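Q: Please take a close look at the nonpolar core of this model. A connected account for a newcomer would be welcome.

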Amino acid sequence: MRRDTFKCFRCSACCAAGLLVPLTKFDFQEWVLSKCYLPVILTVKESNTITESLGLDYVYTLMSHRHSSYKYVRDVLQHYGVKLPERGCALYAQEHSTCRIYRRRPLVCRIFPFTASLTVCDWARDNCEAVRRGHCLPTYDLAKLAELYSREIERTYDSERALREIEELRRSIFDKVVSKMVRDRVHLEVLRYYLLSYINFTELNG
Ligand code: SF4
Ligand code: SF4
């Protein structure tokens with residue numbers, strides 16, 4: 001197979017696949033600073049092969065249909081008229097085949113299909129068209145980002161204090177969304193757009 005530096009085809013197959021999206025403190029801070037509130041679709045995922053490969057017991061991740069509490073969040077959001085995809089990442093906009101937060105997507109998405117150790121992940125070997133066509137060497141920029149991701153995973157999950165901090169960030173975003181929802185008591189239709197703006201719908205059109 002010809003080996004070339006990676007060029008993503010932007011087919012979004014990976015976003016629709018329901019893969020785990022491990023988040024770091026870097027991602028949370030980006031969202032807090034940019035007021036891009038995502039808590040309603042964040043959850044904690046306890047061990048599977050990916051968390052094991054990262055040497056972690058659990059990760060903070062974006063919600064997808066594979067997570068056990070997805071049904072609860074989906075029911076809540078659908079009550080407010082927000083559609084979530086039946087499969088794939090909750091931030092994947094199926095109707096436009098794009099990421100709703102593309103410019104602020106998590107580090108793990110920026111380095112995909114590479115892992116922190118710069119190997120191509122198993123899913124991509126079988127399913128990513130770019131990799132199948134031999135675009136499987138990381139560019140310099142991807143390598144730098146993978147380094148950052150690796151450091152951030154360590155920083156995020158390496159101590160009780162770090163975990164407490166990220167949990168506080170997660171809660172603070174969540175509280176802001178929920179308290180505003182309750183306080184505003186807005187019409188359902190207004191609430192719908194309000195919630196969509198919290199998952200940074202504007203990124204889609206911006
Ligand atoms: S990484 Fe691969 S599967 Fe994902 S959008 Fe790019 S080409 Fe498609
Ligand atoms: S956050 Fe965006 S780029 Fe990452 S998996 Fe979800 S839709 Fe895809």
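**The core and its surroundings**

A: Tyr149 is in contact (C-beta atoms, placed from the backbone, within 7 Å) with Thr24, Leu107, Val108, Ile111 and Ala116, leaving aside residues up to four places away in sequence. The model is predicted: local features need pLDDT (the predictor's confidence in each residue, from 0 to 100) of at least 70, side-chain atom pairs count only at 80 or more, and totals for chains, interfaces and linings use all residues. Residues are numbered from 1 along each chain as its sequence is written, while chains are lettered from A and ligands numbered from 1 in the order in which they are written.

Tyr149 belongs to the largest nonpolar core (buried Ala, Val, Leu, Ile, Met, Phe, Trp, Tyr and Cys joined through C-beta atoms within 7 Å), which has 36 residues. Together with Val21, Cys89, Leu91, Tyr92, Val108 and Ile111, Tyr149 touches the most other members. Two or more residues each come from helix 1 (13-16), helix 2 (25-33), strand 2 (58-62), strand 3 (92-93), helix 5 (107-111) and helix 8 (140-157), these being DSSP runs numbered from the N terminus, with at least four residues (H or I) for helices and at least two (E) for strands. Helix 8 gives the largest share, four residues.

In helix 2, Asp27, Phe28 and Trp31 are buried, that is, 20 or more other C-beta atoms lie within 10 Å of their own. These residues lie on the same side of helix 2, because they cover an arc of only 100 degrees around the axis, taken from the directions from the axis to the C-beta atoms.

As for confidence, the protein chain has a mean pLDDT of 75, with 63% of its residues at 70 or more.

How values were computed
A residue is buried if 20 or more other C-beta atoms lie within 10 Å of its own, exposed if 12 or fewer, and partly exposed in between; C-beta atoms are placed from the backbone. Two residues are in contact if their C-beta atoms, placed from the backbone, lie within 7 Å.
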